[in-house]
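Let's take a walk through this structure together, one feature at a time. Please have the sequence and the 3D view open as you read.

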Amino acid sequence: MEYCVFTEPQQGASYDTQRVFAQTAERLGFHGFFRSDHYLAMGDSDGLPGPTDAWTTLAGLARETERIRLGTLVSSITYRVPGVLAIQVAQVDEMSGGRAELGLGTGWFEAEHRAYGIPFPEKRFDLLEEQLQIVNGLWATPPGERFSFRGAHYELTGSPALPKPTQPRIPVIVGGGGPRRTPALAAAHATEFNIGFQPEMVIADKFAGVLAAAERIDRDPETLKLSVALPTLAGPSLYDLERRAMAIGRDLTGFRNDTNICGSAGEIVEKVARLVELGAERVYFQLMDMTDLDQLAYLGEEVLPQLPT
């Protein structure tokens, strides 16, 4: 089992805030620091001091951490052409000594695209499929050989496919709740399938769907890591949980449901145990308040040692 923290810096977090959070997570023993890849705050947040670019941030953290995995959950295919994305991620992988992971998805936040002049095509699944083929193809091309690709949306001719990642294969995460194309793309191109923000019955159904998709293409389902990403509030008392819910603009009663991770160490251990029974091999704790290092410490010191390994 692996346990990661998952953050949303577009809601208002400087690079330094993220650095301290990631370094603290590393010290506490979490396996990974993952962040969203967005440029516009959501909801009522003013987003100050403003957005930080995901891969620029991860490049900085690559030099300021030593062990923790670093990645996106997830980058949108609308932000970067795949050749440039492959270079960026491979460089972060080298800078971190082989700790980069790429989550890649179709993107969904249209207002963000309008705000920063980013094209937002109506149909994006075909672009995602081609980007997955290209980034994996570039990284897998042996040194000294060339990579070419011709699709409906992208064409690469005689690329030297450099730089090469440090890892033999950079983990690629594909996720989402789509019933057909998402599990098919994950089975064909990803090392990890992630489902987020869903109750346990839905998680079980989505896990079964992606494993069946792997079997249909004769891929060993055991080679596909299954993971969940869930909003999290943690604390030893009702008072702690209420003030943490208030800090992120949530009502604790509404937050306590059959989807989210919420409660004391014992409650969280029980929830994670159920997720493991469903097949989860990695859990992402989505923590919205990156200034609340006490909550992170509670998770790391009181909860993490009790979780299934």
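**A guided walk through the model**

The crossing of α1 and α2 is right-handed. The contact is built from Tyr15, Gln18, Arg19, Ala22 and Gln23 on the α1 side, and from Thr57, Gly60, Leu61 and Glu64 on the α2 side. Sorted by character, the residues of this contact come out as three nonpolar, four polar and two charged. Do keep in mind as you look around that this is a predicted model.

How are these two helices set against each other? Two packed helices are described by the angle between their axes and the distance between the axes. Here α1 covers residues 15–28 and α2 covers residues 54–64; they pack at an angle of about 45°, with their axes 10 Å apart. Angles under 35 degrees count as roughly parallel, and 65 to 115 as roughly perpendicular. The helices α1 and α2 are therefore oblique to each other.

Next, let's turn to the backbone. Most residues other than glycine have a negative phi, and most peptide bonds are trans. With that in mind, look at the bond from Leu48 to Pro49, which is cis with omega near 10°. You will find Pro49 in the loop between β2 (32–35) and α2, the latter being a partner in the helix pair described above. Another cis peptide bond joins Leu73 and Val74, with omega about -10°. Val74 sits in the loop between β3 (69–72) and β4 (75–76).

Phi has its own places to visit. Phe197 is not a glycine, yet its phi is positive, at about 60°. This residue belongs to the loop between β9 (192–196) and α7 (200–216). Is Phe197 buried or exposed? Its relative accessible area is 42%, so Phe197 is partly exposed. On the other side of α7, in the loop between α7 and β10 (225–234), comes Asp218. Asp218 also has a positive phi, near 60°, without being a glycine. Because its relative accessibility is 74%, Asp218 counts as exposed; the cut-off for that label is over 50%.

Our last stop is a pair of strands. Strand β6 (residues 147–150) and strand β7 (residues 155–159) run in the antiparallel sense and pair over three bridges. Which residue of β7 stands opposite Phe149? That residue is Leu156. To see how the chain gets from β6 to β7, follow the hairpin, which joins them through four residues.

Methods: Residues numbered from 1 in each chain as written. Predicted model: local features only at pLDDT ≥ 70, side-chain atom pairs only at ≥ 80, totals over all residues. Heavy atoms only, no water. Axes fitted to C-alpha atoms, helices over the stretch in contact; angles between N-to-C directions. Helix = DSSP H or I, 4+ residues; strand = E, 2+ residues; numbered from the N terminus. Parallel < 35°, antiparallel > 145°, perpendicular 65-115°, else oblique. Left-handed = near helix turned anticlockwise from the far one by under 90°. Contact = heavy atoms within 4.5 Å. Nonpolar A, V, L, I, M, F, W, Y, C, P; charged D, E, K, R; others polar. Buried < 20%, exposed > 50% of the residue type's maximum accessible area, 1.4 Å probe, protein only. Pairing = 2+ DSSP bridges.
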